[in-house]
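Reader: I'd like a close look at one part of this model, the charged pairs, with enough of the surroundings to place them. Could you walk me through it?

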Amino acid sequence: MNTTHLTAGLLTFTLAAAAQAQQPAPAARPVGAGQAAAAQPGAAARPAFKKITRARFDALLKEPGKVLVLDVRRPDELQTIGGFPVYVSIQAKELEQHIAFLPKDRAIVTVSNHAGRAGKAAELLEKHGFTVAGSIGAQDYEAEGGTLVKITAPPPRDGQPTAAATGAGAGAGTAGATGQGGRNAAAQLPSPIDAATARKILAAAEQTASAASAKVAIAVVDVNGDLVALSRLDGASSRAVVSAQGKARAAILFGVPTKDVSDAIAAGTPLPVKLTPAGVGSSGIVTNQGGVPLFIDGKLAGAVGVGGSSSAEDERFAKSGVDAAVPPRSSSR
């Protein structure tokens, strides 16, 4: 399976399914049956912290809304050894520096080759108040009969340098659409979304949502993932405000509607993207349906996100805003 790997600076994100979930995970910490016991005094080697088996890991992956897979290996190890199709990647030596990017509403499984670095990462996360489901070795998982995903660099797209050409690492395979989102970590791109365009988008989305008596929030972000305009209709919750911005950022980062992203996650199918955390900020991303990218003259220009109603309705409201800014035939890819 061919995969794409994306990076920005020191922090590499693969499919940001793991950014911010709308529903918090249960407070209880899952514990795998294959969890290793703590080392006894005088033991020759210390067992990996909370090491779990392939069976336990596969069971956790069946609940994507409750778990986050954190791979702490180097990009070259991901390429030569392989890993899992959906994960967040932060190298072990940089984990504490970038720990704020990780959500605390999901149980985290840490990954390395044989759970050594993963075990240490799991200990660090617990000390910082994270819920840790366990640690696992990718090569151990493969030895137990599991299948790993090998990563290859993507071909150049639209004249832009590939992840490999810019020193990037790995990424994910195909899900029917090619992601064109992302932003250069070194410099922001000029945004074609001005205040007048943002107002037009909000007005159309507000009108559609009001006609349905929906209590939603509507966010417009530019090509860099930065917020341009935000509207909160009467009765919309604070969660809707966070959700709208998260969906808009996810749509711009992936370059496809967030429904495509959530469908890929549900199917366990990797999605090729150009993804950097530069536009995410502290608010994170939300991959639930309701985020729609905006294309102007065939180029990704920004995105609209709506939160607070049903997923399908959120997307309908967002699409009405996009269609108001650009005729549907011009906004399609």
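How many salt bridges does a search of the whole structure find? And where do the partners sit, buried or exposed?

Author: Happy to, keeping in mind that this is a predicted model. Searching the whole structure turns up 12 salt bridges. Some background before the pairs: the chain has nine helices and nine strands, and 51% of its 333 residues are buried. Sequence-distant contacts carry a lot of weight here, since among contacts between residues at least 6 apart in sequence, 74% join residues at least 24 apart. The accessible surface comes to about 14200 Å², with 52% of that belonging to carbon and sulfur atoms.

Let's start with Asp314 and Lys247, whose side chains meet in a salt bridge at 2.9 Å, N to O. Asp314 belongs to helix H8 (residues 311-325) and Lys247 to helix H6 (residues 238-254), so this pair ties together parts that are 67 residues apart in sequence. Now for your buried-or-exposed question. Asp314 has 1% relative accessibility and counts as buried, because the cut-off for buried is under 20%. Lys247 is buried too, with a relative accessible area of 1%.

The helix that carries Lys247 deserves a moment. Of the 17 residues in H6, 14 are buried, so the helix is largely enclosed by the rest of the structure. Its length checks out as well: at 1.5 Å a residue, H6 should span 24 Å, and its end C-alpha atoms are 24 Å apart, which agrees. Just after H6 comes Gly255, which takes a positive phi of about 75°.

Next up is Lys50 with Glu126, a salt bridge whose closest N and O atoms are 2.7 Å apart. This one also links distant parts of the chain, with the two positions 76 residues apart in sequence. Lys50 is in the loop between strand E1 (12-13) and helix H1 (54-61), while Glu126 is in helix H3 (residues 116-127). The two partners fall into separate burial classes: Lys50 counts as buried at 11% relative accessibility, whereas Glu126 is partly exposed, with a relative accessible area of 22%. Glu126 misses the buried class because that class means under 20%.

For another setting, take Glu63 and Lys66, whose side chains meet in a salt bridge at 3.2 Å, N to O. Glu63 is partly exposed, with a relative accessible area of 37%, and Lys66 is partly exposed with a relative accessible area of 37%.

Charged side chains can also join up in groups. Arg74, Asp76, Glu77 and Arg117 are linked in a network of salt bridges.

One last stop, away from the charges, is Pro192. This proline lies in the loop between helix H4 (138-143) and helix H5 (195-211), and it is partly exposed, with a relative accessible area of 41%. Leaving aside neighbours within four places in sequence, Pro192 is in contact with Ile296 and Ala301. Pro192 and Ile296 are 104 residues apart in sequence, yet their C-alpha atoms are 8.2 Å apart in space.

So, back to what you asked: the partners' settings vary, from Asp314, buried at 1%, through Lys50, buried at 11%, to Glu63, partly exposed at 37%.

Conventions: Residues numbered from 1 in each chain as written. Predicted model: local features only at pLDDT ≥ 70, side-chain atom pairs only at ≥ 80, totals over all residues. Heavy atoms only, no water. Helix = DSSP H or I, 4+ residues; strand = E, 2+ residues; numbered from the N terminus. Buried < 20%, exposed > 50% of the residue type's maximum accessible area, 1.4 Å probe, protein only. Contact = heavy atoms within 4.5 Å. Areas by Shrake-Rupley, 256 points an atom, 1.4 Å probe, with all protein chains shown as cover. Salt bridge = Lys/Arg side-chain N within 4 Å of Asp/Glu carboxyl O. Expected span 1.5 Å × (residues − 1).
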